[in-house]
Number of protein chains: 2
Amino acid sequence: MSTIATLTDVAKAANVSKMTVSRVINHPEQVTDELKALVFKAMKELDYQPNFAAKALAANTTRIIKLIILEKVDTVEPYYATLLMGVAQALNEHQYALQVVTQKNADIGDCDGYIITGARRDDFDWLNQLNRPTILFGENRHNYDYVDSDNKYGTFLATSAAINDGYDQIIFFGIELKESFEYSRERGYMDTMQKDGRNPQIVRFGNHSSEAQNYVENHWHEFKPNTCFVCSSDRLAIGVERGIQHMHGNIPDEFGIIGFDGVFLDQIADPKLTTVKQPVMTMGSKVAALLLQKINLALPMSEDHDPDRNNRVEVMFSPELIRRQTTRNYHRS
Amino acid sequence: MSTIATLTDVAKAANVSKMTVSRVINHPEQVTDELKALVFKAMKELDYQPNFAAKALAANTTRIIKLIILEKVDTVEPYYATLLMGVAQALNEHQYALQVVTQKNADIGDCDGYIITGARRDDFDWLNQLNRPTILFGENRHNYDYVDSDNKYGTFLATSAAINDGYDQIIFFGIELKESFEYSRERGYMDTMQKDGRNPQIVRFGNHSSEAQNYVENHWHEFKPNTCFVCSSDRLAIGVERGIQHMHGNIPDEFGIIGFDGVFLDQIADPKLTTVKQPVMTMGSKVAALLLQKINLALPMSEDHDPDRNNRVEVMFSPELIRRQTTRNYHRS
DNA sequence: TTGTAGGCGTTATCAT
DNA sequence: ATGATAACGCCTACAA
């Protein structure tokens, strides 16, 4: 029999009813250990794989999660690709299907929950219409549950490193966006600077390497040797790197650069960027896991509501400073 | 009723049986135009969306397609991300779910078909075990159906451009891989060179920018000004660009560079790469479409077998030469 | 603790 | 050309 084993097949093999098998899977505590053992054995022998579609149908559920990538189309950035892999992995483990979708076609077809990434201020009106459990990827001030990296801590790491490495002037190149993640990154920089009795200095750009590059070249006279540029993205950092190279500045001795993200771009740069690396893949798995958890809690059957279920879920992952070639690896003592 | 409309709801609204509605969807030719009109109207009014899971269950089908990305884990390259978007889009339109999977967990859970990308010679033993319709992304000599860009034509475009732009020496930087796509690219270069009475010259590397860069620097004396480097990937092209820059060669007047792929990297480079761009997203949609077609043909009901269904399906997309900053845009007359 | 009956939404089959 | 029925695999509700 090369056909795929069903609940019924397992039940027969184990000499029990379908329901017992179903219970072994969904409510194992209700079944005696003896029977459980028998059922497990049968499942293993038949290589039983639950039927995704039947499960969905019976539970009045789709077992589909939509990942909505807001933002311009050209955002096929490595960052999102990595995130996607993380999400896909976690979802697969729990027999959920992933649909990657853009805002336009997000409405067609039902689903059990949404993962949203790249949400900006303007998007929240639209987001509020979604009537399914939702988790955002990226911190926000609209009370949505989210997963993000600890942006403030990230720039704390970067700024501290710049200080430790002995750079005199430390400038922050930020992204010209009134978004929460950017505020946090700037805050991390500013606090760290002030704690060390230094004057913060922030410049902002659209997130394009050319803008940062032009700025560096046009304001070259303002940067004395021994300056470090702490950037809010690897894109900006690459621009800075190019600007310095075009002006024949020395990296990392005269000028340091620290990026943010640590996905692909940092390695493409030459010299390779010292950067604040986010564990993007892990974060992807986490959003997915949280969403599934939320979906299951929303199900009527779960009586054992988490008491603080009303609270917002905010998960922050600690980024990590990766030292490469755009900072001196020299610590002041 | 904010509940989701089902076939039955539509049937009631249109005063017909469920089956008629089902037929309107799946076998419209069997239904009279009058009834069809009624049913369509009802479907629109109720905003009917077919239930994915029920369809799957009834058809003894999973409606799941697995996209298997063979190759090292760090291959979260923009290239694959773009491909993925294309696949996802086409699949969503047909109510199929996409599972992104690596070789390891490819075996868990059933599916209706596979899309394979990054298959190398060694992988084919494993591929042969897959007992579901399969389409490869990437040309191959193992008789698998595939979609790819026309690699040979791509390097023909690149080489012709280099010739037209008046470069004296034209060298091919290939990828050290005994794979079909690489053979085709080299063939396109060689044929075009020979047709113009020139001597082809090929060097090969692992697909890393640093290898190409080192080579350029170490063999710098061999490259007279007015040389163009035709590369088998944008990665290699970036390495060449860096090598030339480190040796203070002038781009594009003394040295031209043409990359291959046209996904992300070409735009990140500075100066931006002239490159052979593949329509990756479109190609992704096409693989998906082909696979769905193949799956439906495999279904017993389709009696009207395409007569040459036994033939292998090979779809080649024409790449396009994008002229940017690493070639002179100067045509010899 | 375990088993039985019925239904989730769709489609194929057979009947009309 | 259209409709009634059964079945896909699983789960909830109820019965034993």
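**The surface around DNA strand D and a buried glutamate**

By class, the surface near DNA strand D comprises 13 nonpolar, 10 polar and three charged residues. The model is predicted. In total, 26 residues surround DNA strand D. Those that come nearest are A:Leu7, A:Met19, A:Tyr48, B:Thr20 and B:Arg23. On the DNA side, sugar or phosphate accounts for 63% of the strand D atoms within 4 Å of the protein. Bases supply the rest.

Several side chains approach the phosphates of DNA strand D. In B:Thr20, a side-chain N or O atom is 2.3 Å from a phosphate oxygen of the strand. For A:Tyr48, the corresponding distance to a phosphate oxygen is 2.5 Å. For A:Ser22, it is 2.9 Å. Elements giving two or more residues to this surface come from chain A and chain B. In chain A they are helix 2 (18-26) and helix 4 (52-58). In chain B they are likewise helix 2 (18-26) and helix 4 (52-58). Helix 2 of chain A gives the most, with four residues.

A second site concerns A:Glu241. This residue lies in helix 10 of chain A, which spans residues 234-246. A:Glu241 is buried but has no salt bridge. The nearest side chain of opposite charge belongs to A:Arg242, 6.3 Å away. A salt bridge would require a separation within 4 Å. Beyond its neighbours within four places in sequence, A:Glu241 contacts A:Ile251, A:Ile257, A:Ala269, A:Asp270, A:Pro271, A:Leu273 and A:Thr326.

Key. Residues numbered from 1 in each chain as written. Chains lettered and ligands numbered in written order. Predicted model: local features only at pLDDT ≥ 70, side-chain atom pairs only at ≥ 80, totals over all residues. Heavy atoms only, no water. Buried < 20%, exposed > 50% of the residue type's maximum accessible area, 1.4 Å probe, protein only. Lys, Arg positive; Asp, Glu negative; His and termini not counted. Contact = heavy atoms within 4.5 Å. Near = heavy atom within 4 Å. Polar contact = N/O pair within 3.5 Å; in protein donor to acceptor, adjacent residues only side chain to side chain. Nonpolar A, V, L, I, M, F, W, Y, C, P; charged D, E, K, R; others polar.
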